[in-house]
Each structure stands twice: as structure tokens, then as C-alpha cells.
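User: Hi! Could we go through this structure together, a few points at a time?

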Amino acid sequence: MSLHVQSYAWQAAIVGNARLGGLELRALMLEDPYAGVFRGAPDKPFRGFQVEGGFEPSFYAWLDSMKARGLVAIRSVEALDPADWVLTTPPPPLPRMPELVLVFPDRDVWYQHVFPWPGPDGKAKTPDECFREVPESRSSAVPSVEDAERELLAATRAYVDFVGARARADDTTEVFHAEMGRTALARLLDTEAQFRERLVALRDERLREYRRRAKDWYPVKPVTKAMRPLILENAAKNLQLDDYLRIMEAAGLSWRAVRLACAAENLHPLNMRHERTSEEQLPPFVNAPGYVAVGERFDRAARDARNAAVNAR
């Protein structure tokens, strides 16, 4: 099952920091590079991580070599693009944020995921999939879990108050975006016991979804009862690959860090880039006075929360 590279980067940060702290943590996604990055053709393998003189295919060997050079932390950081929240005459969009950053006492070293996408001529500009060192001037700093949680809670309450009061019950798009805020707020307000119950329920729900996908994507049709054990096995493995919250738990991160990550995932409010480029009519609340300030704060708080949670120590 092909997963977004961000899932790979998050697990690399969680596992990497745990290992830097002395915990021999591993992740199934990192054992098999094809599991966490976009899978290419068999003749175009995952080269790994750039080092002097070439590439290191093993995440663990690469991390150990960087630790020997004084590595302090490994992070996966996302940043808000100001252009997303400007309706008219927006500034040029920022370039894509590199997926990983290695933090040394005197410098940051950034690594970007490179995939051999074919160009107009059908040929790829880069020969193989890898993580390559790139220049980057943006900050790798992340807030504390406590500060990020406090700001996300305030920003989510403001978003729920604004969008919830304006979302029309008969419009599925508006209901979706209002419910997105309410769901995040409910998770942020969970007690530890409530959150652990919620996490069990979420994993059960996701397992059912992964089983459905595994059945739908199974290459042999029609699917028979004899194929069920393999389908269930594939679904369980895919969920294990994707479940970065479980990796956070195994890394010994606090339940509040895990709760923050859970609350902040999939928070992507409608912004002014959507308004500029969408061919569909967006909900009226997007153009209501005050939405930009509320939405941008919610967007920024969600990104900061993901940064804080995934990179917590």
C-alpha cells in the first residue's frame, strides 16, 4: 500500500529521536522503504539517504552515522504558506518544505524527498527515489506540546464558534468543515481515560476501513472466502505501517502529545487559495468578515500542534 511520504517522515522523526535518546525503537514502515514512500518500478529502487560519497539505504545506519557526528535531533516540520490566506495579489508561494531536518549544535541540515516523476518527455529528471540534502533557510524550531495545545484549543474554539454558527445543515461541504473543528475540540478536551477509549475506537474504525480497501484493491476478482485470511493480513499490516500514533506511544511520549497529534491530524480549513483556484462555489462563510483571521489562526495552530507532537522528546 503506497503511503504519503509525510507518514514516512513523521515516523522517521519519532523513531529517530527515540533512538537518539537510547531507546532501541524500530518501525515497520522504516524496515521496508517501499512501505513508506511512493513505490516506483522494480528497476528504480529506493536509494536511501544522501551521505558523503553516495546514499545509505538503511534509515538506522544513516541515523547512527549522523549521531556519531553530533546529531541532536531529527525533525519533520511543516510550515504555513502566507499566500494561502491572501485573496488578492498574494505573494509568491513558498517552496515545498523539506521532509526531514537534522539538528546539530551549530547547524540544521535539511533532506527532501525526491521521486523520479517523468517529465513531459516521459523521462525522469532524477534516476531514483531518495532523500537528498537541500538548502533551506526556514527555522526548524517547534513549540512545546503544552504551548501548542493551548493555542490549538483557543484557535479551535474560535473556529468552531465562527464556522459552526454559519454552516448550513443541508450542505455537506459546510457540515464537513464545521464537524472537522468540533471533532478536534472534542479530542483536545478528552481526559486521559476518555482519550484512550477514543483511540481504541479509532483504531477499530480504521481497521475496518483498511479491510475494505484491501478487499477493493485485491488484484484477483472476484474475491472469494479463501482469500479472506490474506486480505485481513494485508489490512492489519497496512494499518501497522500507517499508525504513527502507536509509534509515538512506543517511543514513550506523553499521552498529551499523542492526543495533540490525534486532534491535529487532518485539520485543513478552507483558505483563500481554495477561493482563488476552486472551480466550485465555496461556502459563504469563507467570504464572511473575520473568517481569514479565524481560519489562518486555526491553520497555523494545527500545523504547530503537529510539529510539536511529532517532534516531542
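User: Where is the place of Thr89?
Analyst: Happy to help; this is a predicted model, in which local features need pLDDT of at least 70, side-chain atom pairs count only at pLDDT 80 or more, and totals for chains, interfaces and linings use all residues. Residues are numbered from 1 along each chain as its sequence is written, and side-chain values use heavy atoms, with hydrogens and water left out. Helices (H or I, at least four residues) and strands (E, at least two) are DSSP runs numbered from the N terminus. Thr89 sits in the loop between strand S3 (73–75) and strand S4 (100–104).

User: Is Thr89 buried or exposed?
Analyst: Buried means under 20% relative accessible area, exposed over 50%, and partly exposed in between (1.4 Å probe, protein chains only). Thr89 has 73% relative accessibility, so Thr89 counts as exposed.

User: What is phi of Asn266?
Analyst: Asn266 belongs to the loop between helix H10 (255–264) and helix H11 (272–277), and is exposed, with a relative accessible area of 55%. Although Asn266 is not a glycine, its phi is positive, at about 65°.

User: Which helix holds Leu230, and what separates the C-alpha atoms of Leu230 and Ala214?
Analyst: Leu230 lies in helix H8, and counts as partly exposed at 38% relative accessibility. Leu230 and Ala214 are 16 residues apart along the chain, and their C-alpha atoms are separated by 9.3 Å.

User: How many helices and strands are in the protein chain, and what share of its residues count as buried?
Analyst: The protein chain has 12 helices and 6 strands. Of its 313 residues, the share that count as buried is 45%.
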